Amino acid sequence: MTIDRPTTLLAELTHRCPLHCPYCSNPLDLIRAEGELATDDWKRVFTQAKALGVLQLGLSGGEPLVRKDLEELAAHARELGLYSTLVTSGLGLTRARAERLRDAGLEHVQISIQDADPEVAERVAGISSVKQKRAACAIVKELGFAFSINVVLHRANLDRIGEIIELAASLGADRLELANTQYYGWGLENRAALMPTRAQVERAQAIAREAIQRYRRRMQILFVLPDYFESFPKPCYGGWGKLYLVVSPDGRVLPCHGATQITTLTFDSVRDRSLEWIWQESAAFAAFRGNDWMKEPCRSCPRKTVDFGGCRCQAFALTGDAARTDPVCTLTPDRAIIDAALAEPGEPQYRYRILATEPQRV
């Protein structure tokens, strides 16, 4: 089987973060500061990623601004010719820090916003943050970075999607990602509180479609439907181990950011192996490449080259078997799991992630 070369690396520099978002995409078992890769390790990873074919680098977390070596890492990425994006909450992004990152070669900043309603935004984030986030957006815009805003959608904010879009436009975003919550990891822990109703989703989709047309020459808007409300799963990252790789704070290399929850797989670390060996040879990356691993109904389904059986992390989280068809698919009897979840009554309480840090003062 021919193995594609990856185009994108997400470097999860840390799991430390001042926010406590209940839909956090990081694993339940968070890595502490003492377990993180050192600066030279990350620079070696970036160099190996470039040699492997990677063109785009995401500097993410947690909150990557808590890393004091962020400017050095951004400069190394620039030297390699990688297009780099800082994925941040915005907390700790002072003008001085932003200028240093720009001078180091950082090109794109993505800031997360929780809601257009400040009170709800801070309740979801678990910390006072709105004023700092909006100040960070103004700095990013003023300094000329390519500027994206990301908003995770769920029951508590979906009815304000129109206001969220207008807020992003007023802040000068070039791109707005409206991403409905993915229900694994912390999202699955808090699914009952986060899951919107079908009526909410349908209203939000209509508002987003209209806004996409209205803003098409000023701001790119992406609206991603929640999996549970679709008939077929999405082609997760274009297929397992096909175009995308993630390096976790402790050096483990993953096909996607949720893969550590698949406890039947062992993920090799850049501390022990080269990035190329892991991509080409490791058992974890080979596990769900191609079609040979598929069970029915995927094995005989013409959609297997369209959606690749869906999300392996979601399949494992909901069925205990990462090789089963993603239960979102209406062609599998496991779809009953999704239908039951949609019928769950909402719960008002969130379980929050617990590994946090104060915003860095620079």
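Hi everyone, let me begin with one pairing: Leu-10 has Val-246 as its bridge partner in strand S8. Before I go on, please keep in mind that this is a predicted model.

So where does that bridge sit? Leu-10 and Val-246 belong to a wider pairing, in which strand S1, residues 8-12, runs parallel to S8 over four bridges. Val-246 also has a partner in strand S9, and that partner is Leu-254. S9 covers residues 253-254, and its pairing with S8 is antiparallel, with two bridges. Between S8 and S9 there is a hairpin with five residues linking the strands, and one of the residues to look at there is Gly-251, with a positive phi near 100°.

While we are on S8, which of its residues are buried on each side? Tyr-244 and Val-246 are buried on one side, and Leu-245 and Val-247 are buried on the other. In other words, S8, which spans residues 244-247, is covered on both faces.

Let's move over to helix H4, residues 118-125. At its N-terminal end we find a cap from Asp-117, with a side-chain oxygen 2.9 Å from the backbone nitrogen of Glu-119. Within the helix, the buried residues are Val-120, Ala-121, Val-124 and Ala-125. If you look down the axis of H4, these buried residues fall within an arc of 130°, so they line one face of the helix. And what do they pack against? Their packing partner is helix H5, residues 130-142. After H4 comes Gly-126, another glycine to check on your Ramachandran plot, with a positive phi near 75°.

Last topic: the cysteines. A disulfide is a covalent bond between the sulfur atoms of two cysteines. How many disulfides does this model have? The count is zero, taking a cut-off of 2.5 Å between the sulfur atoms. Take Cys-137: the nearest cysteine sulfur belongs to Cys-21 and is 14 Å away, and Cys-137 is in no disulfide. Cys-137 is also buried, at a relative accessible area of 0%.

Then there is Cys-301. Its closest cysteine sulfur is in Cys-329, at 6.4 Å, which is too far for a bond. Is Cys-301 buried or exposed? With 16% relative accessibility, Cys-301 counts as buried, because the limit for that label is under 20%.

That's my tour, and I'm happy to take questions. Thanks for listening!

Notes. Residues numbered from 1 in each chain as written. Predicted model: local features only at pLDDT ≥ 70, side-chain atom pairs only at ≥ 80, totals over all residues. Heavy atoms only, no water. Buried < 20%, exposed > 50% of the residue type's maximum accessible area, 1.4 Å probe, protein only. Pairing = 2+ DSSP bridges. Arc of directions from axis to C-beta. Contact = heavy atoms within 4.5 Å. Polar contact = N/O pair within 3.5 Å; in protein donor to acceptor, adjacent residues only side chain to side chain.
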